[in-house]
Each structure stands twice: as C-alpha cells, then as structure tokens.
Amino acid sequence: MSLLTRNKAPKLADHNAGRQLFGSRWATITVWIIAVVWTIPSLGLFATSFRPKADISANGWWNLFVHPHFTMGNYSAIFSTSTVSGIPNGILPYVINSFVITIPAVIFPITIATMAAYCLAWVKFRGSDAVFYGIFALQIVPIQLALVPLLNLFTTGVHLGHYTLVPGLHIAGKFLGIWVPHTMFALPLAIYLLHNFISSLPRELMEAANVDGASHFVVFRRIVLPLSIPAIAAFTIFQFLWVWNDLLVALTFTGGTEGIDPLNNKLAGLAGTWGSHWELLTSSTFITILVPLAVFFSLQRYFVRGLLAGSVK
Amino acid sequence: MSSFWRDNLPKLGQMFASIAIFLAVLSVIFFIAGKANGKKQRPIAIFVFLGPALILLLFGLLGPAIRTLLLSFKGSASHSWVGFSNYTWLFTDESERIVLRNTVFWILFTPIVTTGLGLLLAVLLDRMRRESIAKSLIFMPMAISFVGASITWAFVYKYANPNQPQVGLMSSVARHLGFEPTNWLLTQPLNTFLLMIIFIWSQTGFAMVILSAAIKNVPTDVVEASALDGATGWRLFRGITFPMVRSTFIVVLATMVVATLKLFDIVRAATGGNFGTSVLANEMYSETFIRYDAGRGAAMAIVLFVLVLPVLCYNIFNLRRERTIA
C-alpha cells in the first residue's frame, strides 16, 4: 500500500465498527433511546418521592410533569422524629448505621489486600503462585457457602468433639460482627485486582529501592501505596457500592439487631410493612441511592483505569 | 434531638476508634518488623504482609465452605448424619423443582443478554460524540442497590383493578394499547422474566463500561488496515473487533453468571420468593434462617457452588495461560 493512499485514508472514526454497522446517526439514536429507557424507572421513583400520598395512588407518576404538584412532605416525614412513619427516629439512624458499617468495611479489606497483593507480586516465595491461584479461585465461591458456619464461629466458636479450637467470639449483632465478614468476603477480588495493578509497577523502581537497602515495609509505604492509588480508588468504589447495597450479609450478621441495621436492610423490611406507604418508600429509596451515586461520580475517573489494569490486553 | 445524638454519636465514635486502632496496630507491627534485618527480614515480611489475609480467608471462606459441605449431609438441627437425603429432597420436591427451573432460566438468559447488550452499547458508543452523558445514564442503575431497584421497578410493574387508574407504567401502557393489564408479578412464569429485567437494567452499564474500555484498547492501525482492505460493518466487527475483545467479553460473561447465581436481593425485595419466582440463593436463605433447616440450606449452597465450578475452572485455565504468555 502506497503512502499516498494511506494519507488519503478517511478518518478513523468512519471505519469504526459501530458506525459501519448502523451508520453514525443510527448508532447515536439507538444509544440515546436506550439511555432514555434506562432512565425512566429512576425518574419514576424520583418523581413519585415528591408527590403527595393521595396523588400517588390516584394516577401515574408521569402526571407530575403534566400537572405539577410537588411536596417535600415525604422527605420531612421520613426524617421526622415523631412517629409519622412508624419508625420512632425516622430513617436518619439507619443512614448513620450504613456509614458506620460501610466505611471500615472498605478500609479494612483494602489495606489487608494491598499488603497481600504486594507480597504475592514482589516478595515471591516457594508456593506463592499456588497461594495466588487459591485466592483467585475463592473469588467466585458463593458467600452463601460461608454464612452459617461463620455465624456459628461468631456465636459458639469452633469445636472438635469436646475440644474447643476457637472460643465463641461474641461479635454477632455488633458492628465488628459485620465488618469482619465483609472484610473476609472482599479479600479475594481485592487481592486479585490489586495484584494485577501492583505487579505491573516498573521493576527498576523496586530494584533501585532494594539496592538502596530499603526494607519491604519502607518500599510498601513509600513506593507501592502511593503508586497504587488508582487501583485502590477503583476498588474503593466497588467495595463501597457492594457493602452499602448489600442485603444478604447484613440480614445474616445483624440478625435484626435494631441498633445496627443498615438502611438498605431496613428498606427491604419496610417494603413489606410500608406496603401502602409508597410516598415514604420512594423517598427513603432515593436517599439510599444518593450516597453511592455521589461516591461513584466523584471517583469514576479511576473506576475503569484501576479495574482493568493488566487485565485487558 | 439530644436523645438522637446520645444514641448515634457513640456509633460514629466506635467507627473512628476502630479505624484508628486498626491503623495504629498496623503501624506498630510495620515499625517493629521493619527493624529486623539480615536473613530474618524476608520471612518476617511475608508473614506480616500475607498472614492477615490468609487467616481471614481460612476462617472466613475456606473453613466455612468445608463445614457447609459437612452440614449438607446432616439433618435440620445438624445432629445426625442423613446421607444424601437433603440432595434427593432438593431434586425431587415439587416446589423445589420450580426453584431449580427458575435458577436455570436465570443462568440461561440474564448473563448473555446483559453482556450482549453491554457489548452492543460499547460498540455503538465507541467514538460517539458526547458519549459520556449517555454512558453515565446507562451506568447509573449499577449504583442502585437491588432492593432500591426492586422498589424503583414497582412503579413499572404496579397493577390496579380494572375500574381503577393504572399507576404502573407497564400497566398504563398496556391499557393505552387497548388490552387490559394483568397483575404482572403474579403471572407465572412471566414474573421471573420481569425480575430478570431488573437485573439486566442494573448490570448492563457495568458490562458496557468494561467492554467499552476493551474496545478502546483495540489498536487503531489494525482497524484502519482492515477497513482499507474493504472490511465494513458486520464483517469488521466479526473479523476484528470481537476477536480482539473476546477474552474481556468472556470475563464479563463469567462475572455475570456468578452474580446471577448469587442473586438474592431482587427476588427477596420484589416478591419475597413467592408466586413461583424463588431461586436457589433465596431459597437457601429461607431454608436456613426462616425454616431453620441448616442441612437443606447447606445442600443448596453446595449445589450453587457446583454450578459455579465450571466458571471457576475456566477462569483458572485462562489465568494460567495468560500468565505463561506474559
């Protein structure tokens, strides 16, 4: 192929598969139709949360845009400390519980996983590859497998016949009793993703540090941690969304303990008892959604970059 | 308000204290272990870096998984061995058969639809102008919990009696099109597919974002060269783009298969597993924590694991191959 025809080659965008497949205009139209369809359910929730109770059962939420009739009453009801909503202190205590559960359940596994990932990537030892494959394999083990025995460990400990191998930890129904399972369940994916990232750090950097006589602990703190921020941020989003939105682990390990129930858990329960109170359900749901959305949009530029490091060729 | 803070301030205090203790303990260990030198330095470093993770995985996943395997061969209160009777019950009981059927439906449809739709969007979005707004809108449901998603979709599936106004979008559209809507979530097996739509709605954005990043990584000169050779549209996609992102496609597909199998929240929040919509993961919870039959619940967890096993083997096979190439 001559240089000339190459220069005359149309712009790359015209050869893009999507555009060729549907034509540029159709591609754009298709994407926007899907985007709008994807937004309609959330819009319905959002609109309903601002409608008076009587309106919600009288006609569909789309009528809000035809005959605007807004109220902030639903939001003041769910936050009020009077018993309008049937929960004595409103939903704010549950919002706080969610934060108290989520923040440590993000920090603990990321710290422990970064340490493990560094070790498996740069402090290799006999069998370190086997350990890595083992951890990788644990990634997709359904957590359902672990729930009951872990709960037993927290309440009664581990016994072999008459011997007590591990005494009961008595942390079920406490915050610690939900941080620990979340940390455990997060480790396989966290170690795998961080390992991908950390093992792709430049070798020269590590070797230079070793020549300077820096210990592994210094290398970890001064070099690995700062350089791994994109991967750590990506996993932070992932883990934050997972813990904040989790229902199964919370249901199992809070055991319905009133003081530590996270919001999502309470919401699932209220969906039953508030069956007719759609004005309260929708506004509470919107509050639940707000936090992960804020986290996602503030960190999203790290999301793909950190998540895909070393895995997309 | 003061009683509110009396209840809630200690929680926040507990959180900050726990984080501070955690980081302080780590720093002390790092400081002490960092003092070691000579031959001992390496083993100490390995122990400190890897030890916590391995202990947590041993007690949190490996040990419990083995114990669940044992429990699945025991009776409801885990006192006596019952052989395979929990498994025979699971595969012969009339209502459990519906649960298994639903689980198979979920695996057959949701992962491929979600990943396929994600790929379609990724291809269409590639180098589209002002893509980021559309992308964010499609990704947004991913940040919504499955519980929130189920409540959100209630306003699509809601149904009212014929003489009342329809406040559900789907019911209203059906009526405007001239046929009387039914109570969608009570109609079997349609309701299972309606719940699947909630999952697809939630996860397509994730598939799209990952696949979109993979497509951006396809070397531009390859696409350019094959375009000059006359490859267009569908042929370009089949011949160049798809093979280049195939491995990512399969990783996303596998992730979706696992997520589908573990799925619990949508079924629980939307129908509570009633009206013939239950799946294994939900049934496992009900059996263990509501009907208190630890044996049957454990058997279900094991079946879940066996279903995930092929994905696991494939992933490990792939990882080994990638690492030997790299």
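What follows is a walk through a predicted model of two chains, A and B.

Chain A makes a good place to start. Its secondary structure comes to 16 helices and two strands. Out of its 313 residues, 49% are buried. The contacts in chain A also say something about how the sequence folds back on itself: taking those between residues at least 6 apart in sequence, 69% join residues at least 24 apart.

Next comes the place where the chains meet. Here, 94 residues of chain A are in contact with 100 residues of chain B. On the chain B side, the top contributor is helix 2 (residues 41-71), which gives 19 residues. Sorted by class, that side of chain B holds 69 nonpolar residues, along with 21 polar and ten charged ones.

One pair of helices shows the meeting of the chains in detail. Helix 3 of chain A (residues 24-48) and helix 4 of chain B (residues 94-125) have axes that come within 9 Å and cross at roughly 135°. An angle over 145 degrees would count as roughly antiparallel, and 65 to 115 as roughly perpendicular, so this pair is called oblique. As for its hand, the crossing is left-handed. Helix 3 of chain A brings A:Ala27, A:Thr30, A:Val31 and A:Ile34 to the contact, while helix 4 of chain B brings B:Leu121, B:Leu124 and B:Leu125. Six of these residues are nonpolar and one is polar, with no charged residue taking part.

Then there is the nonpolar interior. The largest nonpolar core counts 175 residues, and those with the most contacts inside it come from both chains: A:Ala113, A:Ala116, A:Leu187, A:Ala190 and A:Leu194, plus B:Leu211 and B:Ile266. Helix 7 of chain A (residues 92-122) supplies the largest share of this core, with 17 residues. B:Ile266 is worth a look on its own. Leaving aside residues up to four places away in sequence, B:Ile266 touches B:Phe146, B:Ala149, B:Ser150, B:Leu195, B:Ile198 and B:Phe199.

Finally, B:Ser247 offers a view of a single residue outside the buried class. B:Ser247 sits in helix 10 of chain B, which covers residues 233-262. A residue needs 20 or more C-beta neighbours within 10 Å to be buried, and 12 or fewer to be exposed. B:Ser247 has 16 of them, so it counts as partly exposed. Computed along the sequence, B:Ser247 is 232 residues away from B:Met15, and in space the C-alpha atoms of the two are 41 Å apart.

Key
Residues are numbered from 1 along each chain as its sequence is written. Chains are lettered from A and ligands numbered from 1 in the order in which they are written. This is a predicted model: local features need pLDDT of at least 70, side-chain atom pairs count only at pLDDT 80 or more; totals for chains, interfaces and linings use all residues. Helices (H or I, at least four residues) and strands (E, at least two) are DSSP runs, numbered from the N terminus. Axes are lines fitted to C-alpha atoms, for helices over the stretch in contact, and angles run from 0 to 180 degrees between N-to-C directions. Angles under 35 degrees count as roughly parallel, over 145 as roughly antiparallel, 65 to 115 as roughly perpendicular and the rest as oblique. A crossing is left-handed if the near helix is turned anticlockwise from the far one by less than a right angle, and right-handed if clockwise. Two residues are in contact if their C-beta atoms, placed from the backbone, lie within 7 Å. Ala, Val, Leu, Ile, Met, Phe, Trp, Tyr, Cys and Pro count as nonpolar, Asp, Glu, Lys and Arg as charged, and the others, Gly among them, as polar. A nonpolar core is a set of buried Ala, Val, Leu, Ile, Met, Phe, Trp, Tyr and Cys residues joined through C-beta atoms within 7 Å.
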